[in-house]
2 protein chains.
Amino acid sequence: MPTISDVARHAGVSVSTVSYALSGSRPISAETRERVLASMKLLGYHPNAMARSLATRRSRVIAMIYPEVDRGLGGTGGEFVRASAERARELGYQLVLWPFRAEEARQVRNLVRQGTADGVLVMEVLLDDERIDVLEEAGIPYTMIGRTRDVTSRHSVDIDFEATVEATIEHLVGLGHRRIAFVNHSRESLEAGYGPTVRVAAAFDRVMSERGLRPLARTCSDSPLDGRAVMGDLLAADPHLTAVVTMNELATFGVFAELQRRGLAIPADVSVMGIVSSPGVGTLSNPQLTTMHSPGAELGRLAVDRLLTQLDDSSRPVPNLLIPCVFEPGLSVGPARTEPDDAPQRP
Amino acid sequence: MPTISDVARHAGVSVSTVSYALSGSRPISAETRERVLASMKLLGYHPNAMARSLATRRSRVIAMIYPEVDRGLGGTGGEFVRASAERARELGYQLVLWPFRAEEARQVRNLVRQGTADGVLVMEVLLDDERIDVLEEAGIPYTMIGRTRDVTSRHSVDIDFEATVEATIEHLVGLGHRRIAFVNHSRESLEAGYGPTVRVAAAFDRVMSERGLRPLARTCSDSPLDGRAVMGDLLAADPHLTAVVTMNELATFGVFAELQRRGLAIPADVSVMGIVSSPGVGTLSNPQLTTMHSPGAELGRLAVDRLLTQLDDSSRPVPNLLIPCVFEPGLSVGPARTEPDDAPQRP
DNA sequence: GCGCTTCGTCGAAGCGCTTCGATGAAGATA
DNA sequence: TATCTTCATCGAAGCGCTTCGACGAAGCGC
């Protein structure tokens, strides 16, 4: 591996001239620049990343803290990671993976202190998340994917759960649905303060109540088996429900199975709509699931952009971003069936 | 951020003493070591990774080249990445992601030359893969997940496709199946020389032929829709087939749908067995899919171990590893139905 | 023709660490 | 007691780069 002084010697200039020729941070005559660049090419020179980092105190590395790349199925996590890594590369940064859960905040601190990363991306943020406190304290730029409880002075991009729920209910109500149930993620994730679980639960309650509808909701562990049980439970709670909204991809398979077992046709008897789902997951069901798919790749890119803006110019304020899920048509949602006991309706 | 000389000053020793106290590479009296460690703790000192790397010419970073974290569904890719990152961390390394496809070998070379990574992990290796040539040429340690065509002098871990197919066919034949069809990944991936596609195709041919059975196989793009079409095609080619082996998770959903549409019961009429599938994917089908799931996490850990062994002691030869898939029982495989035209069988 | 600015380049310091050779103080040996 | 080791520690060099101050050579106005 040739070094900068090999290049300098070969081109007959000083080391600093080579550096300036490369960075352009001081004027260099066109002629010598040519000569230097030619030498570089000839020798196959590539600046050593570590030496450069040491001198500039910038590693051009961003870290991504992620507890799980994949939650079971669901390409969302992976999609997010890939999009971030790609965007980072486009902008000349590298992405390192720090596999830490919320409880491992101390490890995060240690790694941050080592100075390997110029900035940090945090996935799967909890409402109260120690890792964020550590990052704040260390004074290192970061961007959350997700949001802590209070987010006013913090940097985040997130799915716009509220708007997503709003659009979903709007869509269903527009098709005549009034009795709409919701299948959430697990009770544990709700209690742990996992953002999507908490925010969607709250949004569903609010949006339904605002319309004078009953917000029938259940938590459900991430498995088809529990999805079946919960679907049964929901039908017991309201035998006349006409639509089910589910944020739990694995459970959705159970929801389908249970409805079909009971002879309820989708969507003729019951419509099913997936929200915050990974792209393509809709095609796996029969009939194909209508979804609001989560903008994983877009969030990944935006998170990186946002973080790097902060790095380049920490004074520039960057607004927090909320991206709603995208409607992806399927065959699992249709007009509400007219219920006998819905009869006394106004026209 | 305190530096090593802050610590030295505070403890009243020289910089080198601090370094030795930390690394233990020269004897230091217990007393001064204590004093130094106390100062470190008090000052909150963490050695700067970049400076250390520059001095030692070791970055303690390994890079992972991956074209896709997720192929649609399938947590295998993500599982692999996560397991690798975790294992690397356990051993004091960081994992950076290099999102390069096989065509982007030049970019790989540039990054390698920068010296950011001590070693490289390459996912989704093709039979003929330029990236591997680049790594060989650069003389940087690497480990493939997957294999190039000739692997004798190269470092790899991979799924043991041959053993997996062998075990699968064995299992089915043991249940009386003779007419077994195979649904592979896409024709494009076969032609691109994507390892799993090619090796399993070959293994299926061989294993079936060795048993005097007809190796009925089809490529199929990764989608439920094409899965349906291919299933129809297979039934046209052999209306009496009793088992389908599929390596294509998305297509499997279509296979199920098509069989059910035709009133063929699973497994009473046709058994379906998924191979090289991501863990948990079996539970999504109804009836639950019997699979040979791919040992993604194990491969991830092993790949890292293997690479780091090479780094520590490049002379020590490390054998290439092949890990078979693991049988995961489900409800989609049963005894072969007795076909009218299979009648003249020996007892 | 003089001083003044501008331009292009150089040398050296420094980023924070590791590591090698040297050194002085004990302790062991004769 | 003089000599040789051994042990613990120090100082300095060096990893490959950036960047600051300096300096000579042109170019400028008057």
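The legends below describe close-up views of the contact between chain A and chain B in a predicted model. Residues are numbered from 1 along each chain as its sequence is written, and chains are lettered from A in the order in which they are written. Local features need pLDDT of at least 70 and side-chain atom pairs count only at pLDDT 80 or more, whereas totals for chains and interfaces use all residues.

**View 1. The relation between the two chains.** Chain A is superposed on chain B, by least squares on the C-alpha atoms of residues with pLDDT of at least 70 in both, through a rotation of 180 degrees with 0.0 Å of shift along its axis, at an RMSD of 0.1 Å. That is the relation of a two-fold axis, and the C-alpha of V96(A), 2.0 Å from the axis, is the nearest to it in chain A.

**View 2. The pairing of strand 2 across the interface.** Strand 2 of chain A and strand 2 (residues 94-98) of chain B run antiparallel and are joined by 3 bridges, where strands are DSSP runs (E, at least two residues) and pairing requires at least two DSSP bridges. Within this pairing, L97(A) stands opposite L95(B).

**View 3. The buried surface.** About 4,200 Å² is buried between chain A and chain B, with carbon and sulfur atoms giving 61% of that area; buried area is the accessible area (1.4 Å probe) that two parts lose on being put together, summed over both. In chain A, the residues that lose the most area to chain B are M50(A), R89(A) and R113(A), together 16% of what that side buries.

Key
Heavy atoms only, no water. Helix = DSSP H or I, 4+ residues; strand = E, 2+ residues; numbered from the N terminus.
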